[in-house]
Amino acid sequence: QRQAAGVLGIVIDAPTRASLELLRSLSGEKGASLLSVIDRTVTGPGARELAARLASPLRDAAAIGARLDAVGFLLDNELLRDDLRGTLRAAPDIARAMSRLALQRGGPRDLAAIRDGLRAAASCVRLLRQGAGGMGLPETLDRIAGALTACGADLEAALARALVDEPPPLRRDGGFVKPGARAD
């Protein structure tokens with residue numbers, strides 16, 4: 001069993017996963033798998049999450065129902081869905097930037113990716129709240145919006161104050177810090 005966000009998933013052994021052709025066909029191709037047929041994600045993190053969910057599907061009926069409610073809400077709200085996809089399409093891969101920074105291999109562009117990703121998260125929350133109208137959001141989307149809100153408006157603001165809009169790839173000359181901000 002895999003536990004994600006307190007929900008137990010089914011662990012599928014490698015031979016069963018292979019025969020189901022969830023992520024790759026039996027010949028090893030991605031193009032003939034279930035993932036390739038249903039993947040309409042617009043970001044790397046979204047694609048990775050979808051693959052993880054296929055590899056370890058939920059087994060709890062209430063969690064499945066909650067996920068279906070969220071998908072149904074977005075399916076029924078085409079304009080909201082399109083706006084969210086547009087916002088996400090422009091969002092950087094925060095997980096990759098954080099990984100490079102944690103390994104002390106990051107640079108100014110990774111800091112900018114976190115800044116820009118936090119902005120995108122705030123935009124997604126605004127879109128979700130506006131799209132909810134008087135009906136409110138399904139529980140799963142409301143929880144996601146709450147988690148995105150907690151991500152760090154303070155951090156985004158601090159990075160916005162300190163970083164130039166388009167930092168260089170390397171930190172050689174310190175040219176990624178706005179005038180008046182401390183490079184450290």
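Among contacts in the protein chain between residues at least 6 apart in sequence, what percentage join residues at least 24 apart? In this predicted model, the figure comes out at 55%.

The overall make-up of the chain is quick to describe. Its secondary structure comes to 9 helices and 2 strands. Reading from the N terminus, the order is β-β-α-α-α-α-α-α-α-α-α, so to speak a pair of strands and then a run of helices. Taken along the principal axes, the box filled by the C-alpha atoms is roughly 55 × 45 × 30 Å. The protein chain has 184 residues, and 28% of them count as buried. About 11,700 Å² of the chain is exposed, with carbon and sulfur atoms supplying 57% of that area.

Helix H7, covering residues 108-132, is a good place to look at how helices meet. One of its partners is H6, which spans residues 94-102. The axes of H6 and H7 come within 9 Å and cross at roughly 145°, and the crossing is left-handed. On the H6 side, the residues involved are Ile94, Ala97, Met98, Arg100 and Leu101. Over on H7, they meet Asp110, Leu111, Ala113, Ile114, Gly117 and Leu118. Sorted by type, the residues of this contact come to 8 nonpolar, 1 polar and 2 charged.

H7 also meets helix H9, residues 153-162. Here the axes come within 9 Å and cross at roughly 130°, which means that H7 is oblique to H9. This crossing, too, is left-handed. H7 brings Leu111, Ile114, Arg115, Leu118 and Arg119 to the contact, while H9 brings Leu155, Glu156, Leu159 and Ala160. The tally is 6 nonpolar and 3 charged residues, with no polar ones. Leu111, Ile114 and Leu118 of H7 turn up in the contact with H6 and again in the contact with H9.

One residue of H7 deserves a second look: Arg115. Is this arginine buried or exposed? Arg115 counts as buried, because its relative accessibility is 2%, and the cut-off for being buried is under 20%. Setting aside neighbours within four places in sequence, Arg115 is in contact with Glu156, Leu159, Ala160, Leu163, Val164 and Asp165. Among them, Glu156, Leu159 and Ala160 are residues that H9 contributes to its contact with H7.

How values were computed:
Residues numbered from 1 in each chain as written. Predicted model: local features only at pLDDT ≥ 70, side-chain atom pairs only at ≥ 80, totals over all residues. Heavy atoms only, no water. Axes fitted to C-alpha atoms, helices over the stretch in contact; angles between N-to-C directions. Helix = DSSP H or I, 4+ residues; strand = E, 2+ residues; numbered from the N terminus. Parallel < 35°, antiparallel > 145°, perpendicular 65-115°, else oblique. Left-handed = near helix turned anticlockwise from the far one by under 90°. Contact = heavy atoms within 4.5 Å. Nonpolar A, V, L, I, M, F, W, Y, C, P; charged D, E, K, R; others polar. Buried < 20%, exposed > 50% of the residue type's maximum accessible area, 1.4 Å probe, protein only. Areas by Shrake-Rupley, 256 points an atom, 1.4 Å probe, with all protein chains shown as cover.
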